[in-house]
Amino acid sequence: MDHTAGMTSARPTATTSVVARLRAAGCVFAEEEAELLLQAGGGALIDRRVAGEPLEHLLGCVSFAGLRVAVGPGVFVPRRRTELMARVAIGRSPAAFVELCCGVAAVTATVEASLPDVETWATDLDPVAVSFASRNIRGTAIAGDLDEALPPTLLGRVDVIACNAPYVPSAEVRHLPPEARDHEPLIALDGGSDGLDVIRRAAARAPRWLAPGGALLVEVSDAQVAAASAAMAAVGLRPDVQRDEMCTVLIAVSTAGFADAPGHLASS
Ligand SMILES: C[S@@+](CC[C@H](N)C(=O)[O-])C[C@H]1O[C@@H](n2cnc3c(N)ncnc32)[C@H](O)[C@@H]1O
């Protein structure tokens, strides 16, 4: 007679004990995470997840717009809400596309996946982010402050500049979830006193790169739309807003020809 028959389901399996640990640590999707972490090797990965590291840092990838994008410890994990920026960019069918503040360049990777012939450039201040970006895109990823590393051959001919810059007001960073606050670089989150410091600088620098009719895209909170729109208008860009249920994207269109662009060939 088999005395073990029927006992297995009553005894906690490895998976159920991992689920219980993850649930106790506050993981909402504990079952799914347990499965993924066990498939990825379990053990220390589970301990690190229980201690609060982002799941994507541990798995080494994130799903973005149906793509598998490489990420890792120390870099910003692309958020699903930013898929709106990628959709807006693709809708403008750019021949030349630039992503400023690219992080791991999930937006560029998505644009490339839809537009096989697009020329892409992605830049970020953080060399760790740039090394992930290089793995994720066909185009060129380079380190630098905003546009400083872009080649002059792009001047006046970029159809879309996407810039999902840090836009959390400094005083609100401490209210972010610990996964972001403790495991993503402050430079990826903190946008200055009203959250728009980097966005204002990007707006000031965008017109010289944009082709006539080209657009700068930035992600903002609804509370920032008026101030960010004013910053775009101040440099001669015509702002418009697109929203979905998760996100707000400001689309600032160049109405000037290259020779008229504010800041043409000047440094700012
Ligand atoms: C909110 S994260 C977004 C990353 C990426 N755009 C995305 O959506 O996943 C902001 C990124 O801006 C970069 N960054 C911050 N200040 C910058 C600057 N002055 N020049 C270039 N990159 C900057 C950070 O390193 C970080 O990767």
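**Close-up 1. Helix 1 and helix 2 pass each other in a right-handed crossing.** Like every view here, this one comes from a predicted model. The two players are helix 1, spanning residues 14-24, and helix 2, spanning residues 30-39. Their axes come within 9 Å and cross at roughly 120°. An angle like that lies outside the bands for parallel, antiparallel and perpendicular, so helix 1 and helix 2 are called oblique to each other. On the helix 1 side, the contact is built from Thr15, Val18, Val19, Leu22 and Arg23. Helix 2 answers with Ala30, Glu31, Glu33, Ala34, Leu37 and Leu38. Sort the residues of this contact by class and you get seven nonpolar, one polar and three charged.

**Close-up 2. Helix 5 packs against helix 6 with the axes 9 Å apart.** Here we're looking at residues 83-91 (helix 5) and residues 106-114 (helix 6), set at an angle of about 40°. That angle makes helix 5 oblique to helix 6. The crossing of this pair is right-handed. Look for Met85, Ala86, Ala89 and Ile90 on helix 5; they meet Val107, Thr110, Val111 and Ser114 on helix 6. No charged residue takes part in the contact of helix 5 with helix 6, which comes down to six nonpolar and two polar ones.

**Close-up 3. Helix 9 and helix 10 run roughly parallel to each other.** Helix 9 covers residues 197-205, and helix 10 covers residues 225-234. Their axes sit 9 Å apart, at an angle of about 25°. Since angles under 35 degrees count as roughly parallel, that label fits helix 9 and helix 10. Helix 9 goes past helix 10 in a right-handed crossing. Zoom in and you'll find Ile199, Arg200 and Ala203 of helix 9 meeting Ala228, Ala231 and Met232 of helix 10. Five of the residues in this contact are nonpolar and one is charged, with no polar ones.

**Close-up 4. The ligand has 20 residues around it.** If you want a few to find your bearings, start with Pro78, Cys101, Gly103, Asn164 and Ala188, which come nearest to the ligand. As for the make-up of the shell, 14 of its residues are nonpolar, three are polar and three are charged.

**Close-up 5. The protein splits into domain 1 and domain 2.** Domain 1 takes in residues 14-51, while domain 2 takes in residues 80-260. How many Å separate the centres of domain 1 and domain 2? Taken over C-alpha atoms, the separation between the two centres is 34 Å.

Notes:
Residues are numbered from 1 along each chain as its sequence is written. This is a predicted model: local features need pLDDT of at least 70, side-chain atom pairs count only at pLDDT 80 or more; totals for chains, interfaces and linings use all residues. Axes are lines fitted to C-alpha atoms, for helices over the stretch in contact, and angles run from 0 to 180 degrees between N-to-C directions. Helices (H or I, at least four residues) and strands (E, at least two) are DSSP runs, numbered from the N terminus. Angles under 35 degrees count as roughly parallel, over 145 as roughly antiparallel, 65 to 115 as roughly perpendicular and the rest as oblique. A crossing is left-handed if the near helix is turned anticlockwise from the far one by less than a right angle, and right-handed if clockwise. Two residues are in contact if their C-beta atoms, placed from the backbone, lie within 7 Å. Ala, Val, Leu, Ile, Met, Phe, Trp, Tyr, Cys and Pro count as nonpolar, Asp, Glu, Lys and Arg as charged, and the others, Gly among them, as polar. A residue is near a molecule or strand if its C-beta atom, placed from the backbone, lies within 6 Å of it. Domain bounds come from an automatic or database domain assignment.
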